[in-house]
Amino acid sequence: MLRFYVDHYFHIGSSHYTSGKPCQDYALSGASGTGACAVVSDGCSTGRHTDVGARVLTLSTLQAIRDHAKASDGALTTAAVSITSRQQQILSMARIILGLEREDMLATCGYVYATQSGGLIHIQGDGVVALKYLDGHIRMHRY
């Protein structure tokens with residue numbers, strides 16, 4: 001049986017720091033006996049309160065992954081569609097409850113979801129995925 005370990009990190013950019021703007025990035029990760037995931041969101045600087053949007057998007061995505069894992073026992077065949085659908089439900093409720101506008105939610109979101117049977121990487125928006133293999137080589141893909 002595989003044992004999963006995950007970690008996450010985000011850092012405010014120097015231009016945001018020096019101009020007194022909030023960090024518009026957010027990341028979370030989690031692991032259980034059956035799988036692991038990591039979520040990162042990068043708010044768009046041209047939006048409104050995208051620091052809040054990035055956090056809400058990350059939290060919604062992490063909860064959607066947890067919900068999928070419980071409902072499907074970690075099956076990957078329907079994971080991307082199931083997670084996106086649940087994420088959108090959670091986001092819709094959160095936007096109403098928190099009074100967020102569309103401009104607050106302008107953020108890229110990417111996540112990695114791994115189970116005993118495999119894994120997937122999903123990106124909503126634009127970004128880069130870097131895969132580092134056990135032999136040390138790195139393969140990058142830009143979306």
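Q: Which residue in β2 stands opposite Ala31?
A: This is a predicted model, in which local features need pLDDT of at least 70, side-chain atom pairs count only at pLDDT 80 or more, and totals for chains, interfaces and linings use all residues. Residues are numbered from 1 along each chain as its sequence is written, and side-chain values use heavy atoms, with hydrogens and water left out. Helices (H or I, at least four residues) and strands (E, at least two) are DSSP runs numbered from the N terminus. In β2, the residue opposite Ala31 is Ala36.

Q: Which strands stand at the edges of the sheet?
A: Two strands pair if DSSP finds at least two bridges between them. Four strands form an open, antiparallel sheet in the order β1-β2-β3-β4. A single partner strand leaves one side without a neighbour in the sheet, so the edge strands are β1 (25-31) and β4.

Q: How far apart are the end C-alpha atoms of helix α3?
A: The expected span is 1.5 Å times one less than the number of residues. For the 20 residues of α3 (79-98) this gives 28 Å, which agrees with the end-to-end distance of 27 Å.

Q: What arc around the axis do the buried residues of α3 cover?
A: Ala79, Ile83, Gln87, Ile90, Leu91 and Ala94 are buried, meaning under 20% relative accessible area, with exposed over 50% and partly exposed in between (1.4 Å probe, protein chains only). The arc is taken from the directions from the helix axis to the C-beta atoms. These residues lie on the same side of α3 because their arc is only 110°.

Q: Which exposed residues does the opposite face of α3 carry?
A: The buried residues pack against α2 (50-72), β3 (107-115) and β4 (118-124), contact meaning heavy atoms within 4.5 Å. The face turned away from that buried side carries Val81 and Ile96.
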